[in-house]
Structures are given as C-alpha cells and as structure tokens.
Amino acid sequence: MRAAFPEFRLGNVLATSFTGTLSERHGNAVERIPTPQRLVDWLTVNGLAVDSCTTAQLDLARELRESIHAAATAAAIQDVLPASAVQVINDRSAQSQAAAILTPEGKRRWRLSSPSCVEDALGVIAANAIDIIAGERDGKLALCASPTCRAAFFDASQSRTRKWCDMNTCGNRQKKARFNANQRKNPGSAE
C-alpha cells in the first residue's frame, strides 16, 4: 500500500503549479513531492509523463521549483530577480530537448527526448516560468494574501485583483478565520 501524500494543487499555469508542490512556506510547510515517485506522478498529471526519477533528478526539480518561486516572487513585487534563480531557470530551459507537438485535435503536447528524461520535463517548466516572469502571457504574477502561504500565482482574471493562490484552500481558510473572529466578537449575530 502506498503512503498517503497530500493532494496536488493544480492550476492553469505549469510553472506556478509546480511551485505549489511546496505550500504553506511561511507556516507548516507541506511538501507534495517528497519522493522521486511523487515527482513522476506530478509530471504525469501535468502532461509531462516520465517512466522514472532518481533522487538526483528530484533534487534538480526542487532547485528549479525554489528558483521559480524566488524569481516569480520578485517579479510579483517588482523587485530585482535573484541572479542565482535566473541562472537555474535558464540552465534548465537550455538543457531541455523537449519538443512541442501538435495533436490531431489541435492541442499542444510535449515530446520528451526519452521516457526517463526528467530534465526535459523540467526544461518545459522552466520555459513556462520564463514566459510568465517575462510578461509574455496575458496576466500578472501576484502573491497569495495568506500570511502562511505567500505562493506566487498567475492572475489571469479580468480585473487582475485575485487575492488567493487557490480559493478552495487559502481563500476559504481566510474567510473561515474571519467568520470565526466575527462570531467571537458578536456571539449572537449568527442566529
């Protein structure tokens, strides 16, 4: 029987979904890719299926994840991008041999150079990060308003005023906390 792991937090943007494999960075951190197999699982769910992953490849993935998070956070607050993070992102992107292919249904899919090439999958994620950090996509980078989360997310809403990385987790948690605080202040208001 497999050990129970936290569910993946999936979004519409590959790079920021990848940074979400570590959540609650400023609270009780939740690691969603603690093992090489969990990275394989995450890549598969996100259309970058690989057969296997080594511990060294998992370390590369985590280094990329943290570099994307650092660069995206800096971009969201309009700060200087950390040079070391930029270097890691660029290196992963440049080392990839993944190719975009068009399916008969008119969708883009990624072809990796081999079924065990985690580095190719990481290159796709790095290229996506470059697109969003460089402002190549319609939307903006923002930081989750949850003080324990502060995840970078890509806001493609029309108003560009989203506050939460995920309404089902951080947003609901904050709304519930606010409701409970109001109930303690005004105990008879819910009747």
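**Exercise 1. Salt bridges**

A search of the whole of this predicted model finds seven salt bridges. Determine which side chains Arg25, Arg62 and Arg160 meet in salt bridges, and state which parts of the chain each pair ties together.

*Solution.* Side chains of opposite charge can pair when their charged atoms come close.

Step 1. The side chain of Arg25 meets that of Glu66 in a salt bridge, at 2.5 Å from N to O. Since Arg25 lies in the loop between β1 (22–23) and β2 (30–31) while Glu66 lies in helix α3, the pair ties together parts that are 41 residues apart in sequence. Arg25 has 18% relative accessibility and therefore counts as buried, whereas Glu66, at 31%, counts as partly exposed.

Step 2. The side chains of Arg62 and Glu31 meet at 3.9 Å, N to O, which is within the 4 Å cut-off for a salt bridge. Because Arg62 lies in helix α3 and Glu31 in strand β2, this pair ties together parts that are 31 residues apart in sequence. Arg62 counts as partly exposed at 23% relative accessibility, and Glu31 is partly exposed with a relative accessible area of 23%.

Step 3. For Arg160 the partner is Asp138, with a distance of 2.6 Å from N to O. Arg160 is in the loop between β6 and α6 (167–185), and Asp138 is in the loop between α5 and β5, so the pair ties together parts that are 22 residues apart in sequence. At 21% relative accessibility Arg160 counts as partly exposed, while Asp138, at 65%, counts as exposed.

Step 4. Salt bridges that share partners join Arg25, Glu31, Arg62, Arg65 and Glu66 into one network.

**Exercise 2. The faces of helix α4**

Find which residues of α4 are buried, and which elements these buried residues pack against.

*Solution.*

Step 1. Begin with the length of the helix: at 1.5 Å a residue, the 13 residues of α4 (residues 83–95) should span 18 Å, and the end C-alpha atoms are 18 Å apart, which agrees.

Step 2. The buried residues of α4 are Ala85, Val88, Ile89 and Arg92. They cover an arc of only 95° around the axis, which puts them on the same side of the helix. An α-helix has 3.6 residues a turn, so residues three or four places apart point the same way.

Step 3. The buried residues of α4 pack against α3 (55–76) and α5 (118–133), whereas Ala83 and Ala94, on the other side of α4, are exposed.

**Exercise 3. The nonpolar cores and an aromatic pair**

Identify which residues of the largest nonpolar core touch the most other members, and classify the one aromatic pair.

*Solution.*

Step 1. The largest nonpolar core has 36 residues, of which Phe18, Leu39, Leu43, Leu64 and Ile125 touch the most other members. The elements that give two or more residues to this core are α1 (14–19), α2 (36–45), α3, α4, α5, β5 (140–143) and β6 (152–155). Its largest share, nine residues, comes from α5. Apart from this core lies another, of eight residues, among them Cys144, Ala151, Cys165 and Cys170.

Step 2. Leaving aside residues up to four places away in sequence, Ile125 touches Leu14, Ala15, Phe18, Trp42, Leu43, Leu48, Leu64 and Ile68.

Step 3. The count comes to one aromatic pair. The ring centres of Phe18 and Trp42 are 5.1 Å apart and their planes stand at 55°, so the pair is tilted. Since Phe18 lies in helix α1 and Trp42 in helix α2, the pair ties together parts that are 24 residues apart in sequence. Both Phe18 and Trp42 are buried.

Technical notes:
Residues numbered from 1 in each chain as written. Predicted model: local features only at pLDDT ≥ 70, side-chain atom pairs only at ≥ 80, totals over all residues. Heavy atoms only, no water. Helix = DSSP H or I, 4+ residues; strand = E, 2+ residues; numbered from the N terminus. Expected span 1.5 Å × (residues − 1). Buried < 20%, exposed > 50% of the residue type's maximum accessible area, 1.4 Å probe, protein only. Arc of directions from axis to C-beta. Contact = heavy atoms within 4.5 Å. Core = buried A, V, L, I, M, F, W, Y, C linked by side-chain atoms within 4.5 Å. Phe/Tyr/Trp six-rings, centres within 6.5 Å; stacked < 30°, edge-to-face > 60°.
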